Amino acid sequence: MTFHITRRDFLKSSAAASSLFLVSGCTADLQKPVWMESYVNPPEETLPSENFWFASTCRMCPAGCGVIAKVSNGRVRKLEGNPEHPLNRGRLCARGQAGLQELYHPDRVQQALKRSGDRSQDQWTPLSWEQAIGDLAAGLQDVDPDRVAFLTGYLPHYQSELVGRFMKGLGTQPPVIYDAQAAFDGRVTLAAASQRLFDTPALPVFDISQADVVFGFGADFLETWLSPVAYSQRYGDMRGQVGKRGYFAAFGPRLSMTAASADRWLPTPPGTEGLAALALGKIIVDEGLDRGGDAIDYQALYQDVDVDAIAEIVEIPVDELTQLARTFAAATQPVALPGGMLSGHANGLDAVKAVAALNMLVGAGEEGGMKLTPEPPSRDLRRAPVSSFADVQALTARMANGDVDTLFVLGANPVYELPAALGFADALASVKNVVVFATLMTETAQVADLILPAHTYLETWGYEFVDPGFGEMTVSAQQPVVQPLYDTRDPGDALLALANAMDGDVVKRLPWPNLVNFIQTRLTSLQLLDGNFTASDTDTFWAAWLQHGGWWSQEAAWTPPTPGEGFGKALAATPPRFAGDAGERPFHLIPIPSVIFGDGRHAGLPWLQEAPDPMTTASWDTWVEINPVTAQQLGVANNDLVTIAADGGEITAIVYLYHGIRPDAVAVPVGQGHEALGRWASQRGANVLSILAPQTDDASGQLAWLDTRVQVTKAEGRRVLPALESNLGVERFRQQSL
Amino acid sequence: MTETTHRWTMAIDLDRCTGCQACVVACHAENNVPVVGEDEVRMGRAMHWLHIERYWVGEYPNIQARFIPMMCQQCENAPCEPVCPVFATYHSQVEDLNIQVYNRCIGTRYCANNCPYIARTFNWFNPEFPEPLNEQLNPDVTVRKRGIMEKCTFCIQRIHDAEHVAEIEGRPVQDGDVQPACAQSCPTNAIVFGDLNDPNSRISQLAGSRRSSRLLEELGTEPSVIYLSGGDAHVS
């Protein structure tokens, strides 16, 4: 008789035998049971080739959409919108889809780097986190806190809070919060307008899903403005309403991607969109069509508005303005959008106020589409507002004067995104110690003395109070969906460690042992509120919060705007003011916030580099959109190179004849022209932000990024724009000369 | 395998489409579509399985732009199929879809020449995914090599997945179970996917809309993609 054992039985018995055995040795210490883990058992939450889904928050722009990440074999493979999330309802934009490549970019900064030569040389010495934090702590101990500065972008909420506390702990000025995206969104101007008109800095939100008429004033709400996926969702709803189809008219000098979806485009001269809104409001009041209630004296509000004069400026005849005004006033739910483009002019605040007033005029206060984002439910979830451009100018001046010894930079790339004429790069030379947190080597990191490698958003924890919020009050959850790839840390965690390593008051402001602990304390106030789930204790709350991808209220929490004292003052018809001599520089320069790259920070990702621009179908390069009539006058054709010269510098771009732009303006997309940011972005195209005039709207302090005048001249040579248009097919070899 | 009872169909509402490119990038991510780089794009070799065509209508200042997302139309009567000498592209009875079998393809490119929608793309070079970028690859989709023709599959891996799950749960595939990557991502809900043989599905309702039409119908290709035209403004 033979002993019969199958392969399966053998594996079973050997697994049982190996799972627990006693190590017998000479000393008693070693006589402990040792558990041996089979290699067959995968780590927690990993089953070979099974997909796991983790909910988190997209950080590719500040909107705060919910994502779910498909993870297999311990690696994230795909990002989708979180269907439960009230902001994006399962949808995601091109940038959101490309988030994977932030994580898997081959040029990530993988460890802390200290400069070994001077700043002109690209020489770095790797060092450990312990050493980097230790050095920093020792260095900060001795300096005058007033000589430390922190510049951040519009950060994820939790990081913003930690940076603020860090600076408070040092006993110095709060961080300067500024990036190009925040400027494009017009956050400063919108908050200032709300403050003046509604006595609150809350950002306005516009519910266009039920609207029958939408007027967009410089509003690229389907591309980059504040919360493009949320607005796109509501736009789809607006078009697909049962029994009616919302009508959309766009005012602005360029037919943007958003304006291309409009039923009507009104090519108003740059900076006059707000004036058009004023004229429409005046006509509605004069014809007695207003229904905004008695709280506001509309006659007085519009007393300084001269419709005839404005009609001439905005190049829309009075008849047509009247027609538009009547259409708007007759609608059941009309909505007027004060887009980010308004805030890019020196008359930005007045323009936003004019559009807000237009909403109030037709009853936005009660049933209309204009709402205000609610206050967070507790002080713990408030955040510091975006700084004005004036604050950035002040910081630059401090640096240039030699008043800053240590500058921290996080979530911003000032060397790339600030106008060169501001002189930030030169001012950096006077700062002894520049510390930059980075995932990829940015232009600013290139001139740093210490680079601290940061987690990408897919590797770390966080939360975001969604602002502007649509309907439900939403606190979105962020969690790591993979193990960190490299020796990186969340900048927030690094600040906690730094505070711990320092003596003094800093640690009192940052007493938490780690980021998770900090985040949990921020969320305690939510546990008592009625939301998308109920949790009796902190652990249950935390688990449900991660599972659902955040907490949101059951009911819509946005509030109708109630008129404040600001409505007692007449609206001002402020004309635009441009930088540059009109004779010498005859064209208005329109930088296009990119639906693909945002403010340029995502230009390093190959999916986005290759994604065609919606309007031109071009990729990988920088073009300038010129009206065909203007191009003829300039003697340039498609694929010619031109020089675009402003007072603050010049760039070269490829000519693209664009039918949807005024003849007195040229438009250049934002995003290219990087000198760093990895292999796919560096040394490619031109950076239009660098030649902008550092002019501000004096009323709000916001950068007037649309106010630069330029001259356009033909340059030597041609370069074929890489585009899909007229270029698709199996294989169409082009003539070498083309 | 038996013949399918499904008639997979996609509808694209051009009144909702804003041209935003979310679907394009979602398709790259889901289907391991290579990025070819600046010079190749210039030569017309971009490999988007789904691209958005933009058309100008009128002249300044009365100008409009129109977007049409374009991908393999999964023709019932596909011009690409009969010209393939090795049956790499053929009509599958199992899924009732136009299938590209990568390991049969010898790269004659006849199919692409014959496609009136310009929906097929060719791998002129081996795709590159410098480490760790290879971690982004979807394990459910083959990575193609040099010399292979490829195109939109209606995310066939997702169709199979939904069928598999339905089988395990002992129920038929329901409307909404299958969502291609483009439809799932679309911020304005412009893309709807479903089974035309299910009279209650959303796609069946949209197919009956007076706004619906198919591209180049006169060629007799019988495409499985329905386009819903833009609506008329109700005010002037």
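This is a short talk about how a predicted two-chain model is put together, from its domains down to single peptide bonds.

Okay, hi everyone. Keep in mind throughout that we are looking at a predicted model.

Let's begin with the layout of chain A. Chain A is split into domain 1 (51-103), domain 2 (112-180 + 379-556), domain 3 (183-372) and domain 4 (587-718). If you look at how domain 2 is written, it comes in two stretches, 112-180 and 379-556. Now take domain 1 and domain 3 of chain A. Their C-alpha centres are 32 Å apart, and the contact between them involves 8 residues of domain 1 and 6 residues of domain 3. What sort of residues does domain 1 of chain A put on the side that touches domain 3 of chain A? That side has 5 nonpolar, 1 polar and 2 charged residues.

Next, the two chains together. How many residues of chain B are in contact with chain A? There are 52 in chain B, and they meet 62 residues of chain A. Several elements of chain B give at least two residues each to the side that touches chain A, including helix H2 (38-42), strand E2 (51-59), strand E3 (62-70) and helix H5 (181-185). Helix H1 (22-31) of chain B is on that list too, and H1(B) gives the largest share, 7 residues. Sorted by class, this side of chain B holds 27 nonpolar, 15 polar and 10 charged residues.

Now for some helix packing, back in chain A. A quick reminder: two packed helices are described by the angle between their axes and by the distance between those axes. I've picked two pairs.

Pair one is helix H4 (residues 129-142) and helix H19 (residues 491-501) of chain A. Their axes come within 9 Å and cross at roughly 55°. Why do we call H4(A) and H19(A) oblique? An angle of 65 to 115 degrees would count as roughly perpendicular and one under 35 degrees as roughly parallel; the crossing here is at roughly 55°, so H4(A) and H19(A) are oblique to each other. The crossing is right-handed. On the H4(A) side you'll find Ile133(A), Gly134(A), Leu136(A) and Ala137(A), and they meet Ala494(A), Ala497(A), Leu498(A) and Ala501(A) of H19(A). By class, this contact has 7 nonpolar residues, 1 polar and no charged.

Pair two is helix H10 (residues 273-286) and helix H12 (residues 307-314) of chain A. They pack at an angle of about 145°, with their axes 9 Å apart. Is the crossing of H10(A) and H12(A) left-handed or right-handed? It is left-handed. H10(A) brings Leu275(A), Ala276(A), Leu278(A), Ala279(A), Lys282(A) and Ile283(A) to the contact, while H12(A) brings Val307(A), Ile310(A), Ala311(A), Ile313(A) and Val314(A). That contact has 10 nonpolar residues, no polar ones and 1 charged.

On to the strands. You may remember that strands of a sheet pair through backbone hydrogen bonds, either parallel or antiparallel. Chain A has a barrel closed by 6 strands, in the order E22-E26-E23-E25-E24-E27, with mixed pairing. From one strand to the next the twist averages 45°. Zoom in on strand E24 (residues 640-646) and strand E27 (residues 709-718) of chain A: they run antiparallel and are joined by 5 bridges. Thr643(A) is opposite Thr713(A) of E27(A). Just along the chain, the loop between helix H24 (628-634) and E24 of chain A holds Asn639(A), whose phi is positive, near 75°, although Asn639(A) isn't a glycine.

Chain A also has an open sheet of 3 strands, E19-E20-E21, paired antiparallel. Which strands are at its edges? Those are E19 and strand E21 (550-556) of chain A, each pairing on one side only. Here the twist averages 15° from one strand to the next. E20(A) and E21(A) share 4 bridges, and Ser476(A) sits opposite Gly550(A) of E21(A).

Last topic: unusual backbone. Most residues other than glycine have a negative phi, and most peptide bonds are trans. In the loop between strand E19 (462-465) and strand E20 (472-478) of chain A we find Pro468(A), and the bond from Asp467(A) to Pro468(A) is cis, with omega near 5°. Chain B has a cis bond as well, between Glu131(B) and Pro132(B), with omega about 0°. Pro132(B) is in the loop between strand E6 (121-122) and strand E7 (149-150) of chain B.

That's it from me, thanks!

Methods: Residues are numbered from 1 along each chain as its sequence is written. Chains are lettered from A and ligands numbered from 1 in the order in which they are written. This is a predicted model: local features need pLDDT of at least 70, side-chain atom pairs count only at pLDDT 80 or more; totals for chains, interfaces and linings use all residues. Domain bounds come from an automatic or database domain assignment. Two residues are in contact if their C-beta atoms, placed from the backbone, lie within 7 Å. Ala, Val, Leu, Ile, Met, Phe, Trp, Tyr, Cys and Pro count as nonpolar, Asp, Glu, Lys and Arg as charged, and the others, Gly among them, as polar. Two strands pair if DSSP finds at least two bridges between them. Axes are lines fitted to C-alpha atoms, for helices over the stretch in contact, and angles run from 0 to 180 degrees between N-to-C directions. Angles under 35 degrees count as roughly parallel, over 145 as roughly antiparallel, 65 to 115 as roughly perpendicular and the rest as oblique. A crossing is left-handed if the near helix is turned anticlockwise from the far one by less than a right angle, and right-handed if clockwise.
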